[in-house]
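Me: Could you walk me through the holes and a few residues in this model? I'd like short answers that I can check against the coordinates.

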Amino acid sequence: MKIKGLRWWMISLVTLGTVLNYLARNSLAVAAPRLITDLHISTQQYSYVVAAFQACYMFMQPVAGYVVDFLGTKIGFALFAVCWSAANLLHGFASGWLSLAFFRGLLGVTESAVIPAGLKASSEWFPAKERSIATGWFNVGSSIGGLIAPPLVVWCILHSGWQSAFIVTGSIGFIWAAVWLKFYKHPRDQKALSDEERQYILSGQEEQHKDDSYNKPSWREIVGCRQFWGIAIPRFLAEPAWQTFNFWIPLYMMTVHHMNLKQIAIFAWMPFLAADMGCIVGGYLPAFYLKYFKVDLITSRKLVVVMGGLMMIGPGLLGLVSSPYVAIALFCLGGFAHQSLSGALITLSSDVFGKKEVATANGLTGMSAWLGATIFTLISGALLKTVGYGPLFVCLAAFDVIGAIVVWNVLLTRPAHLGVNKSAEQLEPAGGAL
């Protein structure tokens, strides 16, 4: 039986996997107010726990991307999902900040494949003109996971203790991995896909996603490409904002605005709902720019990054806010802005890199992003008690504005073609290194 619009069912499955990935990831932030009391963890020690995840995630990103490119989207994604579910479940057995940091680092290693795998799936299942929409929808999962985490984790804590929160959020991933293995196939092999939709998908993809004749580029070739740095530097500057929202909002609302655990459960999910809207709107905006402004594909993504960077100025003013409700509103604006620009930056990897290296390239740009997040987390943990949150939020806004300037001026408006027609289409020697 042929299923109409099967590509949307496939990206829905990717989105569900992203939801569960970020649900596991955000469980710690919601449980943190109880954990730091029960396990006698200081603010600086908590920053080490967060940094353990970020550092391991950062170093594993290019490896995870390479593994997904090597094993294929189906097996690679399922393997990492099983591993991150087990790692998250182990958090329930932590007895102090060191064991918690170890389990957190293990989670970082295993969760690092979600974005490269999701991007590879969208590049396989969608034509170029719809790819930002697909990326926006699966990137919604990152926000939905953060949205679900506060009420679910708090409910678990109040009924069965903080350990149960990690056991519950970890166990669900095993079910998703089984479903993924059963249903996911490449469009060429999916019997439920109609011939008309298969032709629509494959004919609408760029040459770098059709050509199988070239050798997979090395990491050195990818990193030596100007297009890589046009994405990697903005991601380095943008990711600290999202990690701050993921790991620090509950503690910020508790320490600065004196919210209790139940109030955090009521309000802390709102920025992630706004982030969901940012994913969706940011996904559709490139098509709008293509149609009405007649720009090229890559410029349409750049415009979304610029819009998001300017909107991030709002959260930069959080240090001037005394009302907890205004603070939540500014976090909502920041969530919307960041996920809009983040989706565009992630999609750009599939626009400029070919099918054999797209997950690896995305993993390397992701490594850059998480390097920025890790450095910022360690600085935040060391300076919060002396300078407070205000200056840190100003830095986050400035980073995104600078990132928008970089992506506009460094990223070229043509694919990298690292392996496709290599002799004729290399970037400028010419153009390769920044």
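Reply: Here are some questions and answers on cavities, pockets, cysteines and single residues.

Reply: Before we start, this is a predicted model, where local features need pLDDT of at least 70, side-chain atom pairs count only at pLDDT 80 or more, and totals for chains, interfaces and linings use all residues. Residues are numbered from 1 along each chain as its sequence is written, and side-chain values use heavy atoms, with hydrogens and water left out.

Me: What is the volume of the largest cavity?

Reply: A cavity here is a set of points, on a 1 Å grid over the protein atoms alone, where a 1.4 Å probe fits but cannot get out. Points are joined across faces, edges and corners, and a volume is the space filled by probe spheres set on them. Six cavities of 30 Å³ or more turn up in the structure. For the largest cavity the volume comes to about 90 Å³.

Me: Which helix gives the largest share of the lining of the largest cavity?

Reply: Lining residues have an atom within 4 Å of a point, and this cavity has 14 of them, with Tyr22, Arg235, Glu239, Ser342 and Ile346 nearest its centre. Helices are DSSP runs (H or I, at least four residues), numbered from the N terminus; H2 (43–71), H6, H10 (226–255) and H14 (324–352) each supply at least two lining residues. The largest share, four residues, comes from H14.

Me: How many charged residues are in the lining of the largest cavity?

Reply: Ala, Val, Leu, Ile, Met, Phe, Trp, Tyr, Cys and Pro count as nonpolar, Asp, Glu, Lys and Arg as charged, and the others, Gly among them, as polar. On that split, the lining of the largest cavity has six nonpolar and six polar residues, and the charged ones number two.

Me: Which helix gives the most to the lining of the largest pocket?

Reply: A pocket is an open set of grid points with protein on both sides within 12 Å along at least five of seven lines. The largest pocket holds about 280 Å³ of space, and the elements giving two or more residues to its lining are H3 (73–90) and H5 (114–125). With three residues, the top contributor is H5.

Me: Which class has seven residues in the lining of the largest pocket?

Reply: That pocket is lined by 15 residues, and Gly72, Thr73, Lys120, Glu124 and His186 lie nearest its centre. The lining divides into two nonpolar and six polar residues, and the class with seven is charged.

Me: And which class has eight residues in the lining of the second largest pocket?

Reply: The second largest pocket has about 220 Å³ of space, and its lining includes Met1, Trp9, Phe183 and Gln190. H1 (6–38) and H7 (162–183) each supply at least two of the lining residues, with H1 giving the most, five. There are two polar and two charged residues in that lining, and the class with eight is nonpolar.

Me: Why is Cys279 not in a disulfide?

Reply: A disulfide needs a pair of cysteine sulfur atoms within 2.5 Å, and the structure holds zero of them. Cys279 is buried because its relative accessibility is 2% (buried means under 20% relative accessible area, exposed over 50%, partly exposed in between, with a 1.4 Å probe and protein chains only). The closest cysteine sulfur, in Cys332, is too far for a bond, at 14 Å.

Me: Which residue offers its backbone oxygen to the side chain of Ser132?

Reply: Ser132 lies in H6 (128–160) and is buried, since its relative accessibility is 4%. Beyond neighbours within four places in sequence, Ser132 is in contact (heavy atoms within 4.5 Å) with Gly283, Pro286, Arg301 and Thr347. A polar atom of the Ser132 side chain lies 2.8 Å from the backbone oxygen of Gly283.

Me: How far apart in space are Phe77 and Gly118, C-alpha to C-alpha?

Reply: Phe77 is in H3 and counts as buried because its relative accessibility is 0%. Leaving out neighbours within four places in sequence, the contacts of Phe77 include Val14, Trp84, Gly118 and Trp180. Phe77 and Gly118 are 41 residues apart in sequence, while in space the C-alpha separation is 8.3 Å.

Key. Polar contact = N/O pair within 3.5 Å; in protein donor to acceptor, adjacent residues only side chain to side chain.
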